[in-house]
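Me: I am new to this structure. Could we go through it together?

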Amino acid sequence: MAKKIVTDLSVGGKKVLVRVDFNVPLKNGVITDDNRIVQALPTIQYLIDNHAKVILFSHLGKVKSEEDKARLSLRPVAERLSELLKKEVTFIPETRGEALETAINGLAEGDVLLFENTRFEDLDGKKESKNDPELGKYWASLGELFVNDAFGTAHRAHASNVGIASNIGEGNSASGFLVDKEIKFIGGAVDNPERPLVAILGGAKVSDKIAVIENLLEKADKVIIGGGMAYTFMKAQGKEIGISLCENDKVEYARELMAKAGDKLVLPVDNVVAKEFSNDAPSRVAQGDIQPDEEGLDIGPKSVELFKKTLEGAKTVIWNGPMGVFEMPNFAKGTIGVCEAIANLEGATTIIGGGDSATAAISLGYAEKFSHISTGGGASLEYLEGKVLPGIDSLSNK
Ligand code: AMP
């Protein structure tokens, strides 16, 4: 069932609670990357323009001690947000109580308020993260409508998303523009893709992505596997993989999966190997002849060509996970090659499922060439697994 989006709500003059993802990186209290704040601006600006009283809140990091509280205040975010909006943002350094309630009740139409890190509530029995029923009910009582624009936490049932949504009243909640975009792109690619749909999965471990591989093998026309997790499959093919990353307890599983998937599953045909896990280690391209003391740290040029060919003509592409240890420049060529191949596809919807592949595409300057780069690593993985995300599921239906 399609979910309401913010434009389906009548927000004028209303107190609108907005769960945003302001979980920004901080260094000594200074924001080092404000992308998450920037991403939330369309929904906030829409609410301002439509005369809502805007009440923002977010988690920031994990709060386990009083020191964490001192370190993880959202105050710097309020300052940055105010600069970006070119407008005053009232910051209330509380997550509940009279000061917060008075400030909310004093808001005029178009005003913006941000309250303190929702995870401050975790110090007392993990109330936020365990979706304490009283907390969700209390936060819901502070507003009249609820908008969830935090995709990064949509796979978790917390008080600040599911708790509020289930207490705000039928028909009174909706997704923000950012969450709606994630639903359209990732949900659309998995449930109703324009075909051929090609998925490219990489990263370190098979075990982290079993459910994604299985779901995408059902939904996609081709599933390409690279990165550290490919070696478990290569071992299952009976190949020598030396000291490459391998999950021995998953080799049998990989063998069964390959038998079931047939030529739908595409694996690397060559690898860049070294004797040490170091950027400066001498390396060579191995083609089925990895030596016992060698470790595969990237896919080789023939694999990049094979993957490029497999991508040709794709109408929808989902990419999650690097093809090698891309953090080391000498082992980043496979990831760069695949990134370029996807970015240069004509007429295809191209989606990156967050995490390391998003970092790679952004740092390579390809961000603009992708149709969508997910803002949530864990959430997008669970979405790709075909799971229902509670933070979205709890919102009002259209
Ligand atoms: P993940 O979080 O599962 O997407 O894994 C990403 C990590 O996998 C990155 O830090 C990569 O350096 C690492 N990785 C990718 N390929 C390899 C490989 N061949 N050997 C070791 N680590 C790898």
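Reply: The following turns cover the overall fold, some backbone details and a charged patch. This is a predicted model, in which local features need pLDDT of at least 70, side-chain atom pairs count only at pLDDT 80 or more, and totals for chains, interfaces and linings use all residues. Residues are numbered from 1 along each chain as its sequence is written, and side-chain values use heavy atoms, with hydrogens and water left out.

Me: How many helices and strands are in the protein chain?

Reply: The protein chain has 15 helices and 17 strands, which are DSSP runs (helices H or I, at least four residues; strands E, at least two) numbered from the N terminus.

Me: What share of the residues is buried?

Reply: Of the 398 residues in the protein chain, 56% are buried, meaning under 20% relative accessible area (exposed is over 50%, partly exposed in between; 1.4 Å probe, protein chains only).

Me: Turning to the backbone, which peptide bond is cis?

Reply: The bond from Arg195 to Pro196 is cis, with omega near 0°. Pro196 sits in the loop between helix H7 (177-191) and strand E9 (197-201).

Me: What about Asn28: what is its phi?

Reply: Asn28 is not a glycine, yet its phi is positive, about 50°. Asn28 belongs to the loop between strand E2 (26-27) and strand E3 (30-31), and is exposed at 79% relative accessibility.

Me: And where is Asn131?

Reply: Asn131 is in the loop between strand E6 (112-115) and helix H5 (133-141). Asn131 also has a positive phi of about 50° and is partly exposed, with a relative accessible area of 22%.
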